[in-house]
Amino acid sequence: MAVLKKFKEFWRRQPKNWKVIIARNSLGTLFTGRGGPMVQEGATGGGQYWSIFMSRIGLSTVEIGLLRSISSAVNMLLAIPSGWLTDRTKKMKRLYLSGRVAALPVALLRYLTYTWPFCILVSIWEPFSMRFIMPPSQIIRIDSLSNEDRITGLSINRTIMGVAGIIGPMLAAYIINYFGGLDTADGIRPLFLIQFGVSLFLMILLFTQMQEVTFKRKTQSVGILSHLFTVFKEIPLLKLLLLTQSIMRFGMSIGMPFMTLYMVDIKSANEFILGWRGTVQTALTVVLSIPIGTLADRMGRLKVAYIGRLFSCIGLLFMILTPSTHPEYLIITGVLEAFRMIMFVGWQAFTHELIPLEGRGRFSGVSMLLNGMVGIIAPILGGLLWEINPNYIWWIRLIIDALLTVPLMIILGYKSRKTS
């Protein structure tokens, strides 16, 4: 009862925008086809079935990697303009909803895709809209949480999204199974039409319920590039953070387009195994997000993030060694990956405090620029590695995590303590 009382008190003192964003993300999670910690806030749809869909209409793994690289190139080209625009915009709601309007047709385009030119259109359109969704979305959410409520707020956000995510993956699995399964594109296609309908409803929710967030902006007389890079002069430690995040992005991007394809075509998983992975991951998120958030406050946010990365390395190794005769073992790898993502809340809280709110647009712009460069190379490399041996993708990601990502996180944590 005491826990429930504390939750009610926390909920009452939070502003409306925080609750609206949670509602939007939670309802969206029901139909992404992906659950729990694997769901990105602000995602426009597609879920874990888009890569499989593209392979079923005839694209090779190299072509799928190339399309992901095109998306990264769009991200890179828009990184600086979107960061500059975010820091110059006084009304965050207007910018956020403009991005949402632009993103609305993405799921419909997926539904209408029969040939590779439509895949290219989706690969360009989606990142274009997302560049004008994510920075203001993060600012609105962070602005709505005080520093003392931030770690709890992030954990509660994950938990509430997780409740919806318990249902979402299996719901998507049943929809796909009803229409014929993963063997053909037409078995997946109806899911995208449903996602479009949900996105339309959520758009109405945002327009009618979200409140404007207004910032006072100082007049900037410098150019776009000079303006963006001033944040690194103000806080030199952000350079190391940028390097660490780019290494993380490379490790993720080399395998991200091929994860579900690998589990289905190499490890013989079906839509229900993918659905159970998402559901189990989400159940863990619901049960463990708040306790792990509390643990992060007591034990140390970065220490919890380090342990999460260890779970990730074990999960990757277990996935590689899973025999195709027992694809159900992939559910265990999903559990291990879920621990990484749940414990990643410690890293998120750390970076939120390291990056000042007034400089978040600038840092986001430079970060997206560098991540775009990384994202162009990594998926193509992943597609080429697939042609040699699909397992090589995951061995390389494992090596990157163990030998580069974790040491850089530790160094950054040590330096931040020295400068604080």
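**Getting to know this predicted model**

User: Does Cys119 count as buried or exposed?
Analyst: The relative accessibility of Cys119 is 0%, and buried means under 20% relative accessible area, exposed over 50% and partly exposed in between (1.4 Å probe, protein chains only). This is a predicted model, where local features need pLDDT of at least 70, side-chain atom pairs count only at pLDDT 80 or more, and totals for chains, interfaces and linings use all residues. Residues are numbered from 1 along each chain as its sequence is written, while side-chain values use heavy atoms and leave out hydrogens and water. With its 0%, Cys119 is therefore buried.

User: How many disulfides does a search of the whole structure find?
Analyst: A disulfide here is a pair of cysteine sulfur atoms within 2.5 Å. Cys313, at 12% relative accessibility, is a buried cysteine. Searching the whole structure for disulfides gives 0.

User: How many helices does the chain have?
Analyst: Helices (H or I, at least four residues) and strands (E, at least two) are DSSP runs, numbered from the N terminus. The strand count is 0. The number of helices is 19.

User: What share of the chain is made up of buried residues?
Analyst: The chain exposes about 17,800 Å², and carbon and sulfur atoms supply 67% of that; accessible areas come from the Shrake-Rupley method with a 1.4 Å probe, and for residues only the protein chains shown count as cover. The chain has 420 residues, and the buried share of them is 56%.

User: How far does helix 10 reach from its first C-alpha to its last?
Analyst: Helix 10 spans residues 189–209, which makes 21 residues. Its buried residues include Pro190, Phe192, Val198 and Leu206. The expected span is 1.5 Å times one less than the number of residues, here 30 Å. The helix comes close to that, reaching 31 Å.

User: Which residue meets Arg189 in a salt bridge?
Analyst: A salt bridge is a side-chain nitrogen of Lys or Arg within 4 Å of a carboxyl oxygen of Asp or Glu, and the count for this model is 6. Arg189 is buried at 5% relative accessible area, whereas its partner is partly exposed at 46%. The N to O distance is 3.0 Å, and the partner is Asp186.

User: How many residues apart are Arg56 and Asp265?
Analyst: These two form a salt bridge, with their closest N and O atoms 3.0 Å apart. Arg56 counts as partly exposed at 23% relative accessibility, and so does Asp265 at 40%. The pair links distant parts of the chain, helix 3 (residues 50–56) and helix 13 (residues 259–266), and the separation in residues is 209.

User: Which residue is linked with Glu337 and Arg340 in a network of salt bridges?
Analyst: Glu337 and Arg340 both lie in helix 16 (residues 330–343), 3 residues apart, or about one turn. An α-helix has 3.6 residues a turn, so residues three or four places apart point the same way. The side chains of Arg340 and Glu337 meet at 2.6 Å, N to O, and both residues are buried. The network that links them also takes in Arg397.

User: In which helix is Thr279 found?
Analyst: Thr279 is buried, with a relative accessible area of 9%. Leaving aside residues up to four places away in sequence, Thr279 touches Gly165, Ile166, Pro169 and Met170, where contact means heavy atoms within 4.5 Å. Thr279 is part of the run of residues 271–299, helix 14.
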